[in-house]
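Visitor: Hi, I've got a structure open and could use a hand reading it. Mind if I fire off a few questions?
Guide: Go ahead, let's put it up.

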Amino acid sequence: MKISARDIDHLSLTLTDPESAATRLQQLGFNLTPEGVEPRCICFQPDQDDVPNYLELLQGEPPVIAVAANVTELEGEERTHAWETNDGYEVDAGVVVGESDGPLPWFPVRHETPDAFMEPEWIVHPNGALAMMAVHAVAENPKEIAKALKEKWSAKVEEILDGCLLVKTGTVELLIWSAAAYQSEYKAIEAIAPQELPAIVGVTIAVERARPLQALLRANNVPFALAEGDRVLTGPDQSGGLMFEFLPQN
């Protein structure tokens with residue numbers, strides 16, 4: 001299946017215990033949509049008004065992390081979600097989800113009500129998070145995966161360093177690493193590539209400043225490491241299987 005992907009819309013985490021992951025993510029300083037309604041989402045201010053920017057937590061087996069690519073036209077499963085804001089206002093979301101199509105875990109989506117993921121009380125986070133900037137994947141052959149996605153998504157591909165290729169369709173980047181290159185780049189948290197590849201392993205989040213984030217993590221007893229450029233890194237054991245890279249904007 002070939003599509004014209006507008007951007008990476010969101011990251012979908014299917015987990016055996018999403019509520020436990022939600023608790024860990026709250027300790028990282030994220031606000032989530034209200035509990036008791038699936039999916040729990042971490043929402044950010046999007047770059048485009050009709051393309052959301054968020055992470056979602058779903059319950060299911062087997063556990064998998066997948067990329068959702070936003071498209072303009074799509075036939076598929078229609079899903080509806082409804083959350084209630086703090087002031088009692090009900091927010092309804094309608095999403096059309098297409099079938100996963102390899103070569104790494106991803107699926108196309110079309111939003112009927114994208115503004116449902118942009119409620120002001122959900123896009124402001126104690127850790128200063130602003131947006132999802134990049135998704136990280138590890139593959140045995142990054143060039144092969146990038147080439148396949150270039151065709152499937154009508155994307156642009158660039159080799160940014162040895163063992164890492166950039167796939168881009170919009171604002172959010174997809175970085176595809178070899179296992180060795182990924183472990184070398186994120187050795188500060190001893191990042192280990194999964195045994196089954198390709199796999200989504202991490203996400204880069206823009207934050208306002210590094211020091212308030214570090215103080216919050218220390219207060220919540222969350223281990224973290226520092227990397228070049230004042231980046232703050234947390235391991236996958238702290239967040240439902242994802243490495244988080246926080247990138248300060250000032």
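Visitor: How many residue pairs are in polar contact across the interface of domain 1 and domain 2?
Guide: The rule finds 8 such pairs, counting residues with both at pLDDT 80 or more. Keep in mind that this is a predicted model.

Visitor: And which elements supply the side of domain 1 that touches domain 2?
Guide: β1 (7-15), α1 (18-27), β3 (54-59) and β4 (64-70) each give at least two residues to that side. The largest share comes from β1, with 7 residues.

Visitor: What's the mix by class on that side of domain 1?
Guide: There are 20 nonpolar, 7 polar and 6 charged residues on the side of domain 1 that touches domain 2.

Visitor: OK, salt bridges. How many between domain 1 and domain 2?
Guide: The count is 1 salt bridge.

Visitor: Which side chains meet in a salt bridge at 3.0 Å, N to O?
Guide: Those of Asp101 and Lys152. Asp101 falls in domain 1 (5-111), and Lys152 in domain 2 (129-248), going by the domain assignment.

Visitor: Switching to area: how much do domain 1 and domain 2 bury between them?
Guide: About 2700 Å², and 71% of it is on carbon and sulfur atoms.

Visitor: How many residues are in contact, on each domain?
Guide: 33 residues of domain 1 touch 36 residues of domain 2.

Visitor: Last one: what separates the centres of the two domains?
Guide: The centres of domain 1 and domain 2 are 18 Å apart, taken over C-alpha atoms.

Definitions and conventions
Residues numbered from 1 in each chain as written. Predicted model: local features only at pLDDT ≥ 70, side-chain atom pairs only at ≥ 80, totals over all residues. Heavy atoms only, no water. Domains from an automatic or database assignment. Contact = heavy atoms within 4.5 Å. Buried area = accessible area lost by both parts, 1.4 Å probe. Salt bridge = Lys/Arg side-chain N within 4 Å of Asp/Glu carboxyl O. Polar contact = N/O pair within 3.5 Å; in protein donor to acceptor, adjacent residues only side chain to side chain. Helix = DSSP H or I, 4+ residues; strand = E, 2+ residues; numbered from the N terminus. Nonpolar A, V, L, I, M, F, W, Y, C, P; charged D, E, K, R; others polar.
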